Amino acid sequence: MRDGTGATDGSGAIRDGRPGRRLTWPWFLVIVAVYVGIIQGLGFLIGVDTSSYDSQFPTTESLVRNALIPIGASIVFAAAVVTWLGWWGEVLRYRAPVRRWVRWVPVSMLAVALLGLNYGHLGDQSASLVVSLLLLGLFVGVGEELMFRGIGVQVFRRAGLTEGRVALFSSLVFGLVHVSNAFGEGAQAILQALVVSTSGYFFYLCLRVGGVILLPMLVHGLWDISLISNLVGDEPQASLGVALVIVLQVVLIVLLLVRRRSIEPEAAEVPA
């Protein structure tokens, strides 16, 4: 898994100043494939058939077996990979400042996620289903951010790419992974992958704003809880919150297209 750009000692540690083992992007894609295989494979083996329901997660059992357990297993895998690589320090803390206006990305996403929660619909569900939904948001936030804004971002950054390309490639891989949902959702998953790629870029900016991976984990988790809050229980229920999420997604895309060249701070703004 060495890319030939730096010497290593017998333990695989890099001598160019970066701690831990070296991981090239092709091997990262292999790791991502295993990560997806764990989620899809466990979902297939222990999942509950919900095809007769209109809801994605009609019962607590379906949510736990179709999502919580598979995603929980993927978190263990991702954490094991980070431990083996010896990257915890760099994964948990990311030092790449941005201009102050970028702070509105996590602020706006957190606000819309909280406003968009379908509180009325959740109030009609069992406590166990609501708690399981909250845990699912936590698991998704931790697992996907650890894999893509943690391992993925470090892979591309260590390859010597600019921050713009680090953001682009890690977000594209994040989006492509969601094509795996086509096994259950068909062609709709292609559109989902495109949307998810833009969300991945927003989560990357959250990482840079916060300087720690905990911020994108929080934003990602709440974002997914807000979206899935309409899809639990016997009957899914649309809400204005979905429209808020869509509007913000469009606004952020336009904003970042317009201001993409003013994300990096001026030299005087970078701390010594």
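The following dialogue explains how to read salt bridges, burial and a surface patch in this predicted model.

Me: What should be known about the model beforehand?
Reply: The model is predicted: local features need pLDDT of at least 70 and side-chain atom pairs pLDDT 80 or more, while totals for chains, interfaces and linings use all residues. Residues are numbered from 1 along each chain as its sequence is written, and side-chain values use heavy atoms, without hydrogens and water.

Me: How many salt bridges are counted here?
Reply: A salt bridge is a side-chain nitrogen of Lys or Arg within 4 Å of a carboxyl oxygen of Asp or Glu. By this rule, the count is five. One of them joins Glu90 and Arg158, at 2.3 Å from N to O. This pair links distant parts of the chain, 68 residues apart: Glu90 is in helix H3 (residues 88-92) and Arg158 in helix H6 (residues 127-158). Helices are DSSP runs of H or I with at least four residues, numbered from the N terminus.

Me: Is Arg208, which pairs with Glu264, buried or exposed?
Reply: Buried means under 20% relative accessible area, exposed over 50%, and partly exposed in between (1.4 Å probe, protein chains only). Arg208 is buried, at 5%, whereas Glu264 is partly exposed, at 37%. Their closest N and O atoms are 2.8 Å apart.

Me: Which residues form the nonpolar patch on the surface?
Reply: Patch residues have over 30% relative accessible area and no salt bridge; like charges are joined within 9 Å, and nonpolar side chains (Val, Leu, Ile, Met, Phe, Trp, Tyr) within 5 Å. Here Val242, Ile246, Val250, Val254 and Val258 form the patch, with about 430 Å² of accessible area together (Shrake-Rupley method, 1.4 Å probe; for residues, only the protein chains shown count as cover). Ile246 lies in helix H11 (residues 240-258).

Definitions and conventions:
Helices (H or I, at least four residues) and strands (E, at least two) are DSSP runs, numbered from the N terminus.
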